[in-house]
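Q: Could you take me through one part of this model slowly, as if I were new to protein structures? I would like to see how aromatic rings and helices are described.

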Amino acid sequence: MAGRIGYRAAALLLAQRDPVLARLVAEAGLPRVPVARETHFATLVRSIVYQQLATAAARAIHGRLVAALADDVSPERVLATPAAVLRAAGLSGRKVESLHDLAAKVLDGTVILDPRRLAKLSDEEITARLTTVRGIGKWSADIFLMFRLRRMDVWPTGDLAVRRGFALAWAVPEPTERQLVPLGEPYRPYRSVVAWYCWQAARLYGRTAVTRPERAAGVV
C-alpha cells in the first residue's frame with residue numbers, strides 16, 4: 001500500500017514529476033476529498049442506491065430509504081425491514097436484493113467493514129470480498145477504496161471518464177480498459193490521485209458533465 005501522505009501532498013509530489021499533472025493541479029486545484037459523514041455500511045448502501053440513476057433521483061430515493069429505516073442504516077435494520085417497505089422507498093427489486101445480500105454478508109463476515117480489520121487488508125482483498133455482493137462490482141469497490149478508505153493506489157480502469165480524461169490530458173488516443181492498465185504504472189503508488197485528475201480533465205477539456213464519483217462514497 002502507499003505511504004501515509006494524503007491526496008494533496010501526493011498531488012504536489014506528482015506535479016513535480018509530470019508536467020501534465022502540474023498543469024492539472026494549476027487548473028483544477030488540489031484534490032478535494034471531504035471526510036465521510038456515515039458508516040462504511042451506509043456508504044455501500046448509498047453506492048447501491050445511486051447506481052444507474054441521475055443524482056437528483058438517487059438522492060430522493062436514498063432519503064426515503066433512510067427514513068424507512070428510521071435513520072438506522074445498519075445490516076440488522078436492513079434485514080429486518082420488509083422488502084415491500086424498501087420497494088416503497090423507490091428501490092427496484094434488484095436493489096432490494098443487493099441490500100439484503102450486502103447486509104447478510106456483513107453479518108456473516110464475508111464483507112469486513114471494521115476499520116481495524118480493514119486496515120490489515122490489501123486493496124485486492126477488500127475488492128474480492130466486496131464484489132461477492134450482488135450489485136457491487138469492481139467500479140463500486142474502487143470508489144469505496146479511493147474516497148471512503150482513502151487508499152492511494154487505486155486505478156479504476158473501468159471508468160469511462162477516467163479513460164477519456166487521460167486521453168484528453170495526455171493528448172493520446174482514448175485507451176481501452178486494458179490499455180489504461182500500463183499507462184498508470186509510472187504513477188504508482190499514487191494512481192488514485194491521477195484518476196482524480198483524469199475526472200477533472202474530462203470535465204475541463206471534454207466540456208461534458210462528469211458525475212462526481214465521490215457522491216457514491218458519501219463524502220460530498
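A: Here is a close look at one aromatic pair and the two helices that carry it. This is a predicted model, where local features need pLDDT of at least 70, side-chain atom pairs count only at pLDDT 80 or more, and totals for chains, interfaces and linings use all residues. Residues are numbered from 1 along each chain as its sequence is written, and side-chain values use heavy atoms, leaving out hydrogens and water.

Rings of Phe, Tyr and Trp (its six-membered ring) pair if their centres lie within 6.5 Å; planes under 30 degrees apart are stacked, over 60 edge-to-face, and the rest tilted. That rule gives five aromatic pairs. In one of them, Phe 147 and Trp 199 sit 5.9 Å apart, centre to centre, with 40° between the planes, a tilted pair. Phe 147 belongs to helix 10 (residues 138–148) and Trp 199 to helix 13 (residues 191–206), 52 residues apart; helices here are DSSP runs (H or I, at least four residues), numbered from the N terminus.

Buried means under 20% relative accessible area, with a 1.4 Å probe and protein chains only. Phe 147 is buried because its relative accessibility is 1%, and Trp 199 is buried because its value is 4%.

Now the helices themselves. The axes, lines fitted to C-alpha atoms over the stretch in contact, with angles from 0 to 180 degrees between N-to-C directions, come within 11 Å for helix 10 and helix 13 and cross at roughly 105°. Helix 10 and helix 13 are therefore roughly perpendicular, a term for 65 to 115 degrees. Contact (heavy atoms within 4.5 Å) involves Ile 143, Met 146 and Phe 147 of helix 10, and Ser 192, Ala 195, Trp 196 and Trp 199 of helix 13.

Conventions. Helices (H or I, at least four residues) and strands (E, at least two) are DSSP runs, numbered from the N terminus. Buried means under 20% relative accessible area, exposed over 50%, partly exposed in between (1.4 Å probe, protein chains only). Angles under 35 degrees count as roughly parallel, over 145 as roughly antiparallel, 65 to 115 as roughly perpendicular and the rest as oblique.
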